[in-house]
Amino acid sequence: MSKAGIQSNRGDGYQTLVAFNWALFVLKDPDYQWLEVDSVSWSVDDIVVGKADGTIICCQCKKNQTLHRAWSFADLTSELRKAIDLLSNNSKAFVRFYSRSNFGELAALREQSTNFADEPTYHTNLGEAHRKIDSQLDQLLSEQLSSLSTYQFLQRTKFEVSPELDQMKLLLIERLRQLVSNHSVAYDSLWVSLDNLGMRENNYDQSGAPLHQLTKEDLKVLLTNTGSILSSPMDVVEIRALFQSTSAIGRSWRRDIGNEYVSSPSVNELIKAIEDKYCSILLTGSPGSGKTCVMLAVQDALEQIAQTRSDLLPLFIQAREFADTATEQDRQAHGLPEHWVEKAARMSEDAHVVVMIDSLDVLSIAREHSAITYFLAQIDRLLLLPNITVVTACRDFDRHYDRRIAQRDWDKEVTCQPLDWCTEIAPLLGKLGIDVSTTDATTRDLICNPRELALFAELAQQRGSFNIVTSQELAQRYLAIIVQGNSALGDEAMRAIENIAAEMLKLRSLTVPSQRFTASQDIRRTLLSNKVLHQAENGQLTFGHQTLLDVLVTSGAVRQAETLSEFIQRLSPVPFVRPSIRSYVMQLVSGDRREYRKQLRTVLTGKHAFHLRRLVVETFAELPPCDDDWPLIRDLRTQNHEIFQVIYTQGKHTEWHFFWMKHLVPILRDDCDADGLMIHAHRVSQWKNDDPAGVSAYWAEVLSLESVDKSQLISSMARGIAQVDEYHLGLYVPLLVELIKLPRPQYSFLGHALAYGVKKGGLDDAILWQYIVDEISDEDVLSYNLENKLHCQPHEFGSRNDKFLATRMKESTRLLDLALTTIEKWSEIKRSRYGYAPLSYRSFFSSRYLICRRAFTERDSSHR
């Protein structure tokens with residue numbers, strides 16, 4: 001590059017350094033609002049800065065004078081004319097000249113003018129040298145027809161000399177270090193943006209429109225997007241102490257089961273993900289699956305590690321403690337530090353900051369919607385910062401159905417799995433002295449949930465092992481024994497905690513002030529000691545087991561003789577009330593079935609919000625039906641089809657299969673409802689292993705109907721058969737024989753099912769070969785049109801790497817003979833037309849023939 005080119009680049013760099021200095025003013029100082037580089041709106045145009053009061057600061061940047069001489073009046077005449085025009089036409093404009101060379105006599109005159117408060121005094125005290133320059137300036141003002149005096153011009157103009165370029169950069173970096181976190185990345189980003197601003201290039205947003213100006217907000221967003229945040233330097237020791245204090249909030253949580261602890265594999269999975277420095281990690285699970293216990297265990301482990309490593313800083317935030325806070329002041333009063341995200345940003349410069357936020361689902365259903373909005377916004381801010389990992393937890397339901405959470409992408413998701421009966425639950429109960437020999441399958445499934453297991457263990461230790469059907473029954477049994485069965489508590493205590501539960505439901509909060517407890521202090525202390533109640537960090541009361549809230553709400557409603565419809569009617573149609581409504585439905589199930597159906601009919605055919613009616617009917621569908629339920633379901637099918645569809649699609653128990661076959665399918669037959677019969681053919685697939693004889697018979701029946709579009713069933717049935725347990729497969733083989741006779745769709749699972757039938761179900765190889773070649777006609781053979789009709793590609797029978805067909809050829813003499821016979825038959829068809837089999841035709845079959853011969857040779861060798 002030429003010397004002139006180098007000098008030009010250095011000049012551009014000098015202008016960017018000066019602009020950078022002003023950008024920091026715009027970023028931090030509320031008086032400064034925007035800046036432009038190489039502006040087209042002002043005559044002094046290198047850098048223009050706007051202030052909130054309308055003041056404009058226009059800067060002229062000249063890297064240095066030739067040979068670093070001082071600038072003379074004559075050297076700057078052209079720039080001074082521009083400045084005079086600007087100042088004359090805009091009373092709010094100011095001008096600044098920048099250079100690394102001294103401004104000599106002009107700077108001296110400007111400094112002289114600052115010594116005097118008014119123009120007459122200034123002129124009176126001018127020396128000979130100053131008077132000469134003042135005279136030249138006055139003449140220039142006259143030539144520009146300006147009404148400004150020299151004194152006025154000098155008061156609105158400054159001449160600033162800059163240090164060397166590298167020193168300018170160092171000063172800017174140090175200044176930026178005092179303003180933002182991750183300052184090195186921030187410096188590079190700001191430099192590029194200011195450089196591009198002069199070139200009118202837009203790297204700031206996705207619009208592609210050229211940028212002419214950077215505002216204060218633009219600069220803040222720019223920093224945020226590059227992983228930096230406005231934050232002054234802070235005391236590291238003070239921040240660690242604040243984070244430690246915040247992390248202690250909400251840690252008082254029951255984690256044992258009968259004073260025994262069950263470790264979760266999710267703990268190690270989360271720690272591994274944190275060590276791998278995933279930015280965002282979500283822990284999910286069903287209610288009571290142990291999410292909070294896992295989060296606390298991970299926080300304990302991180303704090304242990306941090307004792308010997310200064311490059312790790314964990315922060316635990318129990319979000320449920322802030323569920324009822326609406327303002328920053330409220331959150332600070334509850335223990336969340338002011339500017340905690342900024343503090344985390346500063347700490348992340350030297351340490352891996354891990355922010356654990358538990359109980360997002362509690363915020364999701366809380367009365368104060370601003371709480372979840374606030375924490376999600378802070379998570380968004382944290383995820384833009386380097387060296388920070390955010391771990392948060394919520395229920396599966398909220399992960400999928402709360403739009404604010406569901407629409408987010410997480411780098412890593414970990415699920416709290418149910419406990420294993422053989423390796424975890426049975427040994428634990430045995431250690432607690434609980435006999436598990438009589439525990440039935442339903443109870444085993446229920447207590448795979450840690451929260452249900454804790455209730456079960458506590459009761460079994462007092463009264464011995466027992467069997468239970470639902471979570472509702474378990475909680476009711478717990479209250480009956482622990483509260484009502486305790487002479488120190490009894491009905492008075494039950495009424496008191498029912499009132500607390502009703503208050504929580506009304507307030508949409510999992511805690512209430514301790515003053516709301518209406519019974520005696522002795523009862524309160526006894527409930528606390530029995531862990532029925534728990535006192536939170538802020539002194540408020542909550543339940544030791546969250547399941548109790550919904551059961552007690554239901555218990556109180558039953559005590560008041562409220563019907564299900566009346567109960568729903570008095571509640572706000574918000575997510576918080578869903579568990580309580582579900583609990584009420586489960587309460588009705590345990591009573592008279594006729595009354596249960598009566599109350600369900602009232603709700604399901606009423607005017608309640610659809611999502612609440614859907615909840616009621618989903619709860620109904622979770623349980624096995626009985627024959628007397630059919631009139632209700634029949635009426636819903638004809639009068640409330642949307643509600644019926646929920647039952648039809650959500651009922652998973654095998655009893656639902658037999659229920660539909662007994663009550664629904666006969667109606668579909670009588671009505672000749674082809675669509676309904678076909679839909680049910682898809683529906684019964686989920687019970688193919690529970691009732692293989694019934695499902696296979698029904699499928700055969702549907703396939704025999706002329707009115708049914710069978711092409712829509714081929715893939716569905718084939719896929720189902722491919723998933724049948726092998727000891728049931730024989731019942732489905734006749735269906736495969738029927739399916740290959742039907743016109744096939746372009747893509748289906750029929751080949752997968754046939755391969756499975758051959759390997760596991762004794763399906764004849766002739767049926768498999770029929771599938772492979774059945775679509776090939778004599779005309780196809782004569783026209784060489786076999787490629788799309790010869791079904792022998794590996795993917796058609798399962799995995800591409802499975803090599804099913806080649807393996808089967810080696811194993812089955814019958815299949816190999818069928819293949820060779822077919823190839824010879826095709827050759828004969830050619831020979832009969834042309835008198836010989838053309839060479840091109842033999843070449844077409846050569847690869848397939850060699851495959852067959854190789855399979856035959858390998859098979860024959862293996863049997864010698």
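1. A cavity, in the sense used here, is a set of points on a 1 Å grid over the protein atoms alone where a 1.4 Å probe fits but cannot get out, and its lining residues are those with an atom within 4 Å of a point. Grid points are joined across faces, edges and corners, and a volume is the space filled by probe spheres set on the points. Please keep in mind from the start that this is a predicted model, in which local features need pLDDT of at least 70 and side-chain atom pairs count only at pLDDT 80 or more, while totals for chains, interfaces and linings use all residues. Residues are numbered from 1 along each chain as its sequence is written, and side-chain values use heavy atoms, with hydrogens and water left out.

2. On cavities, the count comes to 1 cavity of 30 Å³ or more, and the largest cavity holds about 30 Å³ of space. The residues that line the largest cavity are Met504, Leu510, Thr542, Phe543, Gln546 and Leu549. This lining divides into 4 nonpolar residues, 2 polar ones and no charged ones, where Ala, Val, Leu, Ile, Met, Phe, Trp, Tyr, Cys and Pro count as nonpolar, Asp, Glu, Lys and Arg as charged, and the others, Gly among them, as polar.

3. One open sheet has 5 strands in the order β8-β9-β10-β7-β11, and its pairing is parallel. At its edges stand β8 (312–318) and β11 (412–415), each with a single partner strand, so one side of each is left without a neighbour in the sheet. From one strand to the next the twist averages 15°. For the terms used here, strands (E, at least two residues) and helices (H or I, at least four residues) are DSSP runs numbered from the N terminus, two strands pair if DSSP finds at least two bridges between them, and the angles, which run from 0 to 180 degrees between N-to-C directions, use axes that are lines fitted to C-alpha atoms, for helices over the stretch in contact.

4. Following this sheet from the β8 edge, we find that β8 runs parallel to strand β9 (residues 352–358) and is joined to it by 7 bridges, with Val355 in β9 as the bridge partner of Leu315. Strand β9 is in turn joined to β10 by 5 bridges, again in the parallel sense, and here Ile357 stands opposite Thr392 in β10.

5. How many of the residues of β10 are buried? Strand β10 is largely enclosed by the rest of the structure, because 8 of its 8 residues are buried, where buried means under 20% relative accessible area, exposed over 50%, and partly exposed in between (1.4 Å probe, protein chains only). Strand β10 (residues 388–395) pairs with β7 in the parallel sense over 6 bridges; the partner of Ser280 is Val390, and Ile281 stands opposite Val391.

6. Strand β7 (residues 280–285) is likewise mostly covered, with 6 of its 6 residues buried. In a regular strand the side chains alternate between the two faces of the sheet. In β7 both faces are covered, since Ser280, Leu282 and Thr284 on one side and Ile281, Leu283 and Gly285 on the other are all buried. Strand β7 also runs parallel to β11, to which it is joined by 4 bridges, and Thr284 stands opposite Thr415 in β11.

7. Within strand β11 lies Val414, which is buried, with a relative accessible area of 0%. Val414 and Ala273 are 141 residues apart in sequence and 9.4 Å apart in space, C-alpha to C-alpha. For Lys431, which lies in helix α19 (residues 421–431), the relative accessible area is 61%, so this residue is exposed.

8. Another open sheet is formed by 6 strands in the order β5-β4-β3-β2-β1-β6, and its pairing is mixed. Its edge strands are β5 (157–161) and β6 (214–215), each of which pairs on one side only. Strand β1 (residues 32–37) and β6 pair in the antiparallel sense over 2 bridges, and Trp34 stands opposite Thr215 in β6.

9. Finally, the structure holds 0 disulfides, a disulfide being a pair of cysteine sulfur atoms within 2.5 Å. The sulfur of Cys59 is 6.1 Å from the closest cysteine sulfur, in Cys61, and this is too far for a bond. Cys59 is buried, with a relative accessible area of 0%, whereas Cys626, at 27% relative accessibility, counts as partly exposed.

Technical notes. 1 Å grid on protein atoms, 1.4 Å probe; cavity = no way out; pocket = protein on both sides within 12 Å on 5 of 7 lines; lining within 4 Å.
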